Amino acid sequence: MSKSRNFFLENIPLDEAWSRFITAMEEVWAWDEMPGEEVAVDEALGRVTAKPVWAELSSPAYHASAMDGYAVRSTDTIGAMETAPKRLAIGPAGPATYVDTGDPIPAWADAVIMIEQTQHIDEPDGGESIEIHAGVAPWTAVRPMGEDMVATELVLPANHLLKPVDLGALAGCGHAFVNVRRKPRVAVIPTGTELVTVEQARRCGLKSGDIIEYNSLVLSSQVRQWGGIPTRYPVVPDDYELIKATVLEAAAEHDLVLVNAGSSAGSEDFTSSIVVELGKLLVHGVAVRPGHPVILGMIAGFNRPVIGIPGYPVSCALTGETFVEPLISHWLGLPPREQPRMQASITRKLLSPIGEDETVRVTVGRVGERAVAAPLSRGAGVITSLVRADGIVRIPRFSEGVEAGQEVTVELYRTPAEVERTLVHIGSHDLCLDLLAQYLADSGRRFTSANAGSLGGLMALKRGDAHLAGAHLLDPATGDYNVSYIQQYLPGLPVVLLTFMHRQQGLIVPPGNPKGIGGLADLTREGLRFVNRQRGAGTRVLLDYHLGKLGIAPQQILGYKREEYTHMAVAVAVQSGLADCGLGIAAAARALELDFIPLEMERYDLVIPRIHYESDLLRPLLELINGQELRRAVAELPGYDTSHMGEIAGQW
Ligand SMILES: Nc1nc2c(c(=O)[nH]1)N[C@H]1C(S)=C(S)[C@@H](COP(=O)(O)OP(=O)(O)OC[C@H]3O[C@@H](n4cnc5c(N)ncnc54)[C@H](O)[C@@H]3O)O[C@H]1N2
Ligand code: MOO
């Protein structure tokens, strides 16, 4: 069998891929629901019934008193009135007998009178009785036998996911054990010579090319969450025979084998060839993105399905959701999981290739009357895009994308109630916003932030896509920040300009400043490579302002046209040696242990439309900005000054 690389990736629509997979499983009975097994009821939470459950015993098993009081015959109480009370002697055979809530009522009784509605009388003859002032209807305050469950009655159907109350009902009607579907056993095999465990990384550090292995952690946790039993295998290096042997061993003992990475066309991507050798390759390449190079196949002999899961972490997690979850649900007799959905307006244009269903991760919030969805990073390696995602939007393969402002359906990872208490920030990003988010969480608010640069933030406010925008736009003419930009770009929109903090901008240089850079005047030096920020970024405006003052033209600077989108990206360019310096904030330099040459404290404001400024939703944010706690936390970060925090720098 050839061990050569497989360059051929198909583009099979998702429905077609599923139908091939299901047909192949049906042929060998691998698509059948899992068989049942008996488990004790106190072990059965989250399991799924394999058979209907019928009550063994009735509950209650006798006519029970529903109240503390006296059991009576209802006929003995007829005629009792406020003006003509009746007396009933207390005795074991009636006409009145004391019972507690839950006690069986005597066979002769058919009702209970609550103790508060009786008056106790000591009779002269030493006997006791009660006086009642109203008659009672039959079965008053009595829980008749079988009120809850009658023996032989259906208590739970088959294919029912057991909740805590279900377990109570099962025990209550006499079941100590319940027949539930066996949990599917799923092997999770991470492959890749570059992979190291997080423990190894902590012990020995990371060498260039090392990647911390965590996809198997994600996949096995997904499997467990969806009701299967994962086996997380140790990393198998990129060795054809080793991977093959592991897959075979796993197939013998599991219902499903997941092989992670090695799914595409690289020199060490063996999974598809191994599936061909061990059984049948059904699909290699599905028309979805991320997750395109997915492999679906069957291992002959054991008749086990195998899924080759792409290595990129986002592709891996989404392939789990797309293929593993529905399979486990089906085996357990459950319908595929359905996320709550909502309509939202997308905050920016998204282009998407025709021919592939694309899954875009978004944050979601409600800004005024509109729900808005802001796209997160589309990189298949950016696991934090899934961590931060409030939901996903699917762009169908027939479409070229969506326009800004277009309505889309979001499949939510959160509850709609969480979306309602979300503050949406679009604008320039700063570390302090993360701090703000932490503090806001204590007040029950979520804070999502999309980095669109200062001007991008103002544009988002104009479209009604955000509650607030962080901005640090210097006006070269006045030396003031943001005011003239708001007047120019947001005419007619009532807004409040609230100062958040001042932060140190300066030149980020390698440790020890090897090129001896002293300031912006040095940027024109022969051979010195600069890295710039994108147009519309406040930092870029600041640079241009100072270059103007120094009489330096952009053409004089090598790398002026090389643009990065965040402070961190600038710092990374310097750290990796791609540039000798870049303009950015002190915090970014500090994060990568780079040196920093201070240039100027710039003002960073929050631009907030008045309608949101005065809303209940934003009140905790204003309280934080005006309080001491957040101020102290920001002041502790290097390069920040909080002496103007909370001042109103303008309002319109
Ligand atoms: N020439 C082509 N190259 C690639 C194609 C293609 O069609 N033609 N497809 C791209 C797409 S799309 C994806 S998705 C990836 C899939 O890659 P593989 O499944 O072959 O996985 P690797 O290349 O081994 O790894 C990709 C990436 O993910 C990291 N990784 C792998 N396993 C883990 C793990 N267990 N935990 C954390 N991270 C992991 C790995 O180190 C790589 O960085 O292929 C594209 N290329
Ligand atoms: O399919 Mo890959 O998963 O797009 O990144």
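**Exercise 1. Find the residues that surround ligand 2 in this predicted model, then sort them by class.**

Step 1. Start at the ligand and collect its neighbours. You get the run R289, P290, G291, H292 and P293, and then P310, Y312, S315 and A380.

Step 2. Now sort them. The shell around ligand 2 holds five nonpolar residues, three polar ones and one charged one.

Step 3. Take a second look at P290, one of the residues on that list. The peptide bond between R289 and P290 is cis, with omega at about -5°. P290 itself sits in the loop between β19 (288-289) and β20 (295-299).

**Exercise 2. Work out which residues come nearest to ligand 1, and which helices help to build its shell.**

Step 1. There are 27 residues around ligand 1, and the nearest are N215, A261, S263, S264 and G311.

Step 2. Next, look for helices. Both α5 (215-225) and α8 (313-332) give the shell at least two residues each.

Step 3. Finish with the classes: 13 nonpolar, eleven polar and three charged residues make up the shell around ligand 1.

**Exercise 3. Describe how α5 and α8 pack against each other.**

Step 1. What do you need for this? Two packed helices are described by the angle between their axes and the distance between the axes.

Step 2. For α5 and α8, the axes come within 10 Å and cross at roughly 25°. An angle under 35 degrees counts as roughly parallel, so α5 is roughly parallel to α8.

Step 3. Check the handedness: α5 passes α8 in a right-handed crossing.

Step 4. Now zoom in on the contact. From α5 come N215, V218, L219, Q222 and V223, and they meet P313, C316, A317, G320, V324 and I328 of α8. By class, that contact has eight nonpolar residues, three polar ones and no charged ones. Notice that N215 is also among the residues nearest to ligand 1.

**Exercise 4. Do the same for α6 and α7.**

Step 1. Helix α6 (residues 240-253) packs on helix α7 (residues 271-278) at about 55°, and their axes are 10 Å apart. That angle makes α6 oblique to α7.

Step 2. The two helices cross in a right-handed way.

Step 3. On the α6 side the contact uses Y240, I243, K244, V247 and L248, while α7 brings I274, E277 and L278. The tally for α6 with α7 is six nonpolar, no polar and two charged residues.

**Exercise 5. One more pair: how do α11 and α18 pack?**

Step 1. Helix α11 (residues 431-442) and helix α18 (residues 619-626) meet at an angle of about 120°, with 10 Å between their axes. This makes α11 oblique to α18.

Step 2. The crossing of α11 past α18 is right-handed.

Step 3. L436, Y439 and L440 of α11 touch P620, L621 and L624 of α18. Sorting them gives six nonpolar residues, with no polar and no charged ones.

**Exercise 6. Hunt for unusual backbone spots in two loops.**

Step 1. Go to the loop between β2 (53-54) and β3 (64-65), where P60 is placed. A cis peptide bond links S59 to P60, and omega is about -10°.

Step 2. Move on to T152, in the loop between β10 (142-143) and β11 (154-156). T152 is not a glycine, yet its phi is positive, about 85°.

**Exercise 7. How many Å separate the centres of domain 3 and domain 5?**

Step 1. Locate both: the domain assignment puts domain 3 at 64-143 and domain 5 at 468-651.

Step 2. Taken over C-alpha atoms, their centres are 82 Å apart.

Definitions and conventions:
Residues numbered from 1 in each chain as written. Chains lettered and ligands numbered in written order. Predicted model: local features only at pLDDT ≥ 70, side-chain atom pairs only at ≥ 80, totals over all residues. Near = placed C-beta within 6 Å. Nonpolar A, V, L, I, M, F, W, Y, C, P; charged D, E, K, R; others polar. Axes fitted to C-alpha atoms, helices over the stretch in contact; angles between N-to-C directions. Helix = DSSP H or I, 4+ residues; strand = E, 2+ residues; numbered from the N terminus. Parallel < 35°, antiparallel > 145°, perpendicular 65-115°, else oblique. Left-handed = near helix turned anticlockwise from the far one by under 90°. Contact = placed C-beta atoms within 7 Å. Domains from an automatic or database assignment.
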